[in-house]
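Open the model in your viewer and switch to a cartoon view. The tour below goes stop by stop, with something to select at each one.

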Amino acid sequence: MDEPTPTQKLQPEGEAPDTGTIDRRGFLHKVSTVSAGLTALAVGVPAAGAFVSPALPKKATDDWIKVADDVALIDVGEPVRVNFVKTDQDAWIETRTLNGVWLFTEDGEKFKAYNAKCTHLGCSYVHDKEKKAFYCPCHRGQFDIKTGKVMDGPPPRPLDELEVEVRESAVYVRYRDFRLGIAERVVS
């Protein structure tokens, strides 16, 4: 039997000598560990972000909605209905609603915008060209185009007028919904 030299270590029986290289089993173990870690990061980080981000404070958003790209495209003296989709985010729940406004201008510079829901029960009203008024088909309410005042029918208050701004020839409306069926104008 050979005697170990002073630089050689004595190897216990049953173990492979440590040569500084990795055997196949050790290599596969390390590759599996790294792959599992990368997979956990790839799945875990977005999942944690999706779970936590709705609870974090958000910066204030601009609640003005662009309803017309160019004021020159809006007919003077004729109301125009504009529909848009509004997206609201409440924590993890995202809600999209189809809303509308009626735009009206007498001079092409100053605009009026009305919420497109009748103040009685929230039906969509239309423009009656013959009577030159807004007409609600649900309960025959009529509103003046220029002022939004009730001309006939059961609506308890005038149409809900919205704030309007013209920015670089585009029309923006600060959209709000109001409680229906009451004489006072209360934001809902």
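Two strands count as paired if DSSP finds at least two bridges between them. Keep that rule at hand for the sheets. One caution before starting: this is a predicted model.

**Stop 1: the whole chain**

Colour by secondary structure. The protein has one helix and 10 strands. Read from the N terminus, the order is α-β-β-β-β-β-β-β-β-β-β. Now colour by accessibility. Of the 188 residues in the protein, 26% are buried.

**Stop 2: the four-stranded sheet**

Select β5 through β8. These four strands make an open sheet in the order β5-β6-β7-β8, and the pairing is antiparallel. At the edges are β5 (126-128) and β8 (150-152), each pairing on one side only. On average, neighbouring strands of this sheet are turned by 40 degrees against each other, direction ignored.

Zoom in on 141-144, which is strand β7. How many bridges join β7 to β8? Two, and the strands run antiparallel. To see one of the residue pairs, show Q142: its bridge partner in β8 is D152.

**Stop 3: the six-stranded sheet**

Hide the first sheet and bring up the other strands. Here the order is β1-β10-β9-β4-β3-β2, again an open sheet, with six strands and antiparallel pairing. Look at β1 (64-68) and β2 (80-90): each has a single partner strand, so one side of each is left without a neighbour in the sheet. The average turn between neighbouring strands of this sheet is 35 degrees, direction ignored.

Move to the β4 and β9 pair. Strand β4 covers residues 111-115 and strand β9 covers residues 161-167; two bridges link them in the antiparallel sense. Pick A113 and look across to L162 in β9.

Stay on β9 and turn to its partner β10 (residues 170-174). This antiparallel pair has five bridges. Two residue pairs are worth labelling:

- V164, whose bridge partner in β10 is V173.
- R167, which stands opposite A170 in β10.

Follow the chain from β9 into β10. The two strands form a hairpin with two residues between them. Select E168 in the turn and check its backbone: phi is positive, at about 50 degrees.

**Stop 4: salt bridges**

Show Lys, Arg, Asp and Glu side chains as sticks. Side chains of opposite charge can pair when their charged atoms come close. A pair counts here when a side-chain nitrogen of Lys or Arg is within 4 Å of a carboxyl oxygen of Asp or Glu. By this rule the count comes to 10 salt bridges.

Start with K112 and E161. Their closest N and O atoms are 3.9 Å apart. K112 lies in strand β4 and E161 in strand β9, so the salt bridge ties together parts that are 49 residues apart in sequence. K112 is partly exposed, at 27% relative accessible area. E161 is also partly exposed, at 31%.

Next, select E94 and R96. Their side chains meet in a salt bridge at 2.8 Å, N to O. E94 has a relative accessible area of 42% and is partly exposed. R96 is exposed, with 60%.

Now find D160 and R157. Buried or exposed? Both are buried. Their side chains meet in a salt bridge at 2.9 Å, N to O.

Finish this stop with D63, E163, R174 and R176 together. Salt bridges link these four in a network.

**Stop 5: T119**

Keep R157 on screen and add T119. T119 sits in the loop between β4 and β5. What does its side chain reach? The backbone oxygen of R157, at 2.8 Å. Buried means under 20% relative accessible area. T119 has 0% relative accessibility, so T119 counts as buried.

**Stop 6: a nonpolar patch**

Switch to a surface view. Select F51, V52, L56, W92 and I93. They form a nonpolar patch on the surface, and together have about 560 Å² of accessible area. Click on I93, which lies in strand β3 (residues 93-105). The cut-off for exposed is over 50% relative accessible area. I93 has 55% relative accessibility, so I93 counts as exposed.

Methods
Residues are numbered from 1 along each chain as its sequence is written. This is a predicted model: local features need pLDDT of at least 70, side-chain atom pairs count only at pLDDT 80 or more; totals for chains, interfaces and linings use all residues. Side-chain values use heavy atoms; hydrogens and water are left out. Patches are made of residues with over 30% relative accessible area and no salt bridge: like charges are joined within 9 Å, nonpolar side chains (Val, Leu, Ile, Met, Phe, Trp, Tyr) within 5 Å. Accessible areas come from the Shrake-Rupley method with a 1.4 Å probe; for residues, only the protein chains shown count as cover. Buried means under 20% relative accessible area, exposed over 50%, partly exposed in between (1.4 Å probe, protein chains only). Axes are lines fitted to C-alpha atoms, for helices over the stretch in contact, and angles run from 0 to 180 degrees between N-to-C directions. A polar contact is a pair of N or O atoms within 3.5 Å; within protein, one must be able to donate a hydrogen and the other to accept it, and residues adjacent in sequence count only if both atoms are side-chain atoms.
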